[in-house]
Amino acid sequence: MPNNGGDVLDDALGDAAQEEDLSDILAFFARKRSEEIVTLADGKNAVVSDLIASVGAAVAVAAQEADEDSKDAKALVAPLSRLAAAKEQVGRAAAALERARSFDGWNEADFQTKVAALKAEVSKLEARG
């Protein structure tokens with residue numbers, strides 16, 4: 001029996017397997033008993049439970065690949081989306097600055113320290129580019 005779940009499914013369902021939708025594939029398995037033996041397109045026999053296990057393994061591999069692709073896509077846009085969010089937060093801080101400075105408890109030195117730290121992070125970011 002082939003190791004690849006997709007090949008097993010193709011062998012079990014024949015050439016039309018590529019055109020079948022998921023419900024047809026599930027219906028194929030639903031009509032079979034798990035201990036039933038079916039003849040594959042290549043003439044070999046296979047137990048339905050083995051076919052289901054092989055398909056399950058293929059689905060797990062496909063899900064893992066999809067997860068990896070999703071992580072790659074997120075990694076691709078993460079720096080830009082984080083910079084956009086940071087820009088928005090800095091804009092909000094600038095908008096609140098005048099009002100904050102009007103209060104007696106305002107700490108200008110702390111503000112300047114945080115601005116300097118932000119500038120340092122921006123410089124590090126620019127150095128990587």
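At 22% relative accessibility, Phe111 counts as partly exposed. This report begins with that residue and its ring partner, then turns to the fold, the charged side chains and the surface patches of what is a predicted model.

**Aromatic pairs**

The count of aromatic pairs comes to 2. One of them joins Phe28 and Phe29, whose ring centres lie 5.2 Å apart with 75° between the planes, an edge-to-face arrangement. Phe28 has a relative accessibility of 9% and is therefore buried. Phe29 is likewise classed as buried, its relative accessible area being 12%. Both values fall in the buried class because that class covers residues under 20% relative accessible area.

Phe111 takes part in the pair with Trp106: the ring centres are 5.5 Å apart and the planes meet at 50°, so this pair is tilted. The angle leads to that label because planes under 30 degrees apart would count as stacked and planes over 60 as edge-to-face. Trp106 has a relative accessible area of 28% and is partly exposed, and Phe111, at 22%, is also partly exposed.

**Overall architecture**

The chain holds 4 helices and 2 strands. Read from the N terminus, the order of these elements is α-α-β-β-α-α. The chain has 129 residues, of which 15% count as buried. Phe28 and Phe29 belong to that buried class. Helix H3 spans residues 48-101, and several of the side chains described below lie in this helix.

**Salt bridges**

Over the whole structure, 6 salt bridges are found. Three of them are set out here, with the distance between the nitrogen and oxygen atoms.

| Basic residue | Acidic residue | N to O distance |
|---|---|---|
| Lys32 | Glu36 | 3.8 Å |
| Lys71 | Asp67 | 3.3 Å |
| Arg101 | Glu108 | 2.8 Å |

In the bridge between Lys32 and Glu36, Lys32 is partly exposed, with 27% relative accessible area.

The bridge between Lys71 and Asp67 lies within helix H3, where the two residues are 4 positions apart and so are separated by about one helical turn. Lys71 reaches 53% relative accessibility and therefore counts as exposed. Its partner Asp67 has a value of 39% and is partly exposed. The two residues receive separate labels because exposed means over 50% relative accessible area, whereas partly exposed covers the range between 20% and that limit.

For the bridge between Arg101 and Glu108, the accessibility of each partner is also available. Arg101 is partly exposed at 39% relative accessibility. Glu108 is partly exposed as well, with a relative accessible area of 29%.

**Surface patches**

Four acidic residues, Glu65, Glu68, Asp69 and Asp72, form a negative patch on the surface. Glu68 is placed in helix H3 and, at 41% relative accessibility, counts as partly exposed. Such a value allows Glu68 to enter a patch because patch residues need over 30% relative accessible area and no salt bridge.

A nonpolar patch is also present, made up of Val90, Leu118 and Val122, which together have about 220 Å² of accessible area. Val90 belongs to helix H3 and is partly exposed, its relative accessible area being 41%.

**Helix H3 in review**

Helix H3 brings together several of these features. Glu68 of the negative patch lies in this helix, as do the bridged residues Lys71 and Asp67. Val90, which lies in helix H3, contributes to the nonpolar patch with Leu118 and Val122.

Terms used: Residues numbered from 1 in each chain as written. Predicted model: local features only at pLDDT ≥ 70, side-chain atom pairs only at ≥ 80, totals over all residues. Heavy atoms only, no water. Patch = residues over 30% accessible without salt bridge, like charges linked within 9 Å, V, L, I, M, F, W, Y side chains within 5 Å. Areas by Shrake-Rupley, 256 points an atom, 1.4 Å probe, with all protein chains shown as cover. Salt bridge = Lys/Arg side-chain N within 4 Å of Asp/Glu carboxyl O. Lys, Arg positive; Asp, Glu negative; His and termini not counted. Charge placed at Lys NZ, Arg CZ, Asp CG, Glu CD. Buried < 20%, exposed > 50% of the residue type's maximum accessible area, 1.4 Å probe, protein only. Phe/Tyr/Trp six-rings, centres within 6.5 Å; stacked < 30°, edge-to-face > 60°.
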